[in-house]
Amino acid sequence: MAKLFNAYFCRLSKWTVFRILLALLFAGGIAAAVIMHSNQSAWNLPYILAYLVFPHYVGIITGLFNYPLFTNGTIRNQLSVGHKRSHIFLADWAVSNAFAVALYLVFAASFFVTFALCSDSASAAQNTNLMEGMPENILSVSAGDISAKAIASSVLISAVQIIFFTTVTQLFCIIFKGVKSFLAIYLGNQAIMFSGIGYATLAGKYDLPEKLTILFPTDVCMSMSSSFAVDSDFLPALCAMLAETAALFLAGILYFRKTDFN
């Protein structure tokens, strides 16, 4: 199994697309921080991008990385030399998540570090951009105080959400082998995202249980990114997202065991 993991991670490290995306996101994080350094509310930019962009476009790129494994005989060859299906699926899932999360963390790290170096230490009460629409109880909190909890919670919940969508992508890659999986991945992830937004809208309009919004990863991240404070539903939402990811992983591995690669 160790050789299988090494082979997958070696392929990822040598993949030109991955290297280019890492460089672009690193530079993009720095550029965004420099441009937005005067706006303290920009602290949540990586948070917002995590649920608006990464679940969809990283999912498609992950599909691009995965589909050749199903079309050029790679998996069939791995099975023929004695690798277990569960090990193959686990290795592919692990490297796909390493790819997706690494891209997000590179952007988030370059943005947060650069933004912290560029931004001033003015309090939130002195920043008119932040004051508009924000609760009164946090207007006196400095940018440094805000960032400690906000960054920790946002990076963690965002990374877990990306793992969730990468697991969805993995399932699509197994079901739809070939380039047609790209469209399915995009539309499927869009459907999941809008289902969360739709439920949140209906919950407010028809008095539906708001606690159920923790079952929708996108809605969780949208809700938490609207405030600099750590949301009270953070832990339940995190546990729900992990449970959903585990369920999708098990569904994927069970389907993978029955898939014909001949």
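In which helix is Ile151 found? I began with this residue and located Ile151 in helix α8, which spans residues 143-175. I note at the outset that the model is predicted.

**Entry 1: Ile151**

I looked up the accessibility of Ile151 and found a relative accessible area of 22%. Ile151 is therefore partly exposed, since the buried class is reserved for values under 20%. I then listed the contacts of Ile151, leaving out residues up to four places away in sequence, and found Trp43 and Phe112. For Phe112 I also checked the backbone: its C-alpha atom and that of Ile151 are separated by 8.3 Å. Along the chain, Ile151 and Phe112 are 39 residues apart.

**Entry 2: the whole chain**

I next turned to the overall make-up. The protein has 11 helices and zero strands. Read from the N terminus on, the elements run α-α-α-α-α-α-α-α-α-α-α. Of the 262 residues, 47% are buried. I also examined the contacts with a separation of 6 or more, and 80% of them are between residues 24 or more positions apart.

**Entry 3: α2 against α6**

How is a pair of packed helices to be recorded? I give the angle between the two axes and the distance between those axes, as two packed helices are described by these values.

For α2 and α6 I found an angle of about 25° and axes 7 Å apart. α2 is therefore roughly parallel to α6, the angle being under 35 degrees. The crossing of α2 past α6 is right-handed.

I then went through the residues that meet. On the α2 side they include Phe18, Leu21, Leu22, Leu25 and Phe26. On the α6 side they include Phe99, Ala102, Leu103, Val106 and Phe107. Sorted by class, the contact of α2 with α6 has 17 nonpolar, four polar and no charged residues.

**Entry 4: α6 against α11**

I compared this with a second packing of α6. Helix α6 covers residues 85-118 and helix α11 covers residues 234-258. Their axes lie 9 Å apart, and the helices pack at an angle of about 130°. α6 is therefore oblique to α11. The crossing is right-handed here.

Which residues of α6 meet α11? I found Arg85, Ser86, Ile88, Phe89, Leu90 and Trp93. Their partners in α11 are Phe249, Gly252, Ile253, Phe256, Arg257 and Lys258. By class, this contact of α6 with α11 holds seven nonpolar, two polar and three charged residues.

**Entry 5: Ser96 and Thr166**

Is Ser96 buried or exposed? I located Ser96 in helix α6 and read a relative accessible area of 1%. Ser96 is therefore buried, as the value is under 20%. Leaving out residues up to four places away in sequence, Ser96 touches Thr62, Asn66, Thr166 and Gln170.

I followed the contact to Thr166, which lies in helix α8. Thr166 has a relative accessible area of 4% and is buried. With the same exclusion of residues up to four places away, Thr166 touches Thr62, Ser96, Asn97 and Ala100. Thr62 thus appears among the contacts of Ser96 and among those of Thr166.

**Entry 6: Asn44**

I looked for Asn44 and found it in the loop between α2 (16-35) and α3 (45-52). Asn44 counts as buried, at 7% relative accessibility. I also took the C-alpha atoms of Asn44 and Ala108, which are separated by 9.9 Å. Asn44 and Ala108 are 64 residues apart along the chain.

**Entry 7: aromatic rings**

How many aromatic pairs does a search of the whole structure find? The search returned 11. I examined the pair of Phe5 and Phe9, whose rings are 6.5 Å apart from centre to centre with 15° between the planes. This pair is stacked. Phe5 and Phe9 both lie in helix α1, residues 2-13. They are four residues apart, about one turn of the helix. Phe9 has a relative accessible area of 34% and is partly exposed.

Finally, I recorded one aromatic cluster, formed by Trp15, Phe18, Phe65 and Phe99. Phe18 and Phe99 also figure in the contact of α2 with α6, Phe18 from α2 and Phe99 from α6.

Technical notes
Residues are numbered from 1 along each chain as its sequence is written. This is a predicted model: local features need pLDDT of at least 70, side-chain atom pairs count only at pLDDT 80 or more; totals for chains, interfaces and linings use all residues. Side-chain values use heavy atoms; hydrogens and water are left out. Axes are lines fitted to C-alpha atoms, for helices over the stretch in contact, and angles run from 0 to 180 degrees between N-to-C directions. Helices (H or I, at least four residues) and strands (E, at least two) are DSSP runs, numbered from the N terminus. Angles under 35 degrees count as roughly parallel, over 145 as roughly antiparallel, 65 to 115 as roughly perpendicular and the rest as oblique. A crossing is left-handed if the near helix is turned anticlockwise from the far one by less than a right angle, and right-handed if clockwise. Contact means heavy atoms within 4.5 Å. Ala, Val, Leu, Ile, Met, Phe, Trp, Tyr, Cys and Pro count as nonpolar, Asp, Glu, Lys and Arg as charged, and the others, Gly among them, as polar. Buried means under 20% relative accessible area, exposed over 50%, partly exposed in between (1.4 Å probe, protein chains only). Rings of Phe, Tyr and Trp (its six-membered ring) pair if their centres lie within 6.5 Å; planes under 30 degrees apart count as stacked, over 60 as edge-to-face and the rest as tilted.
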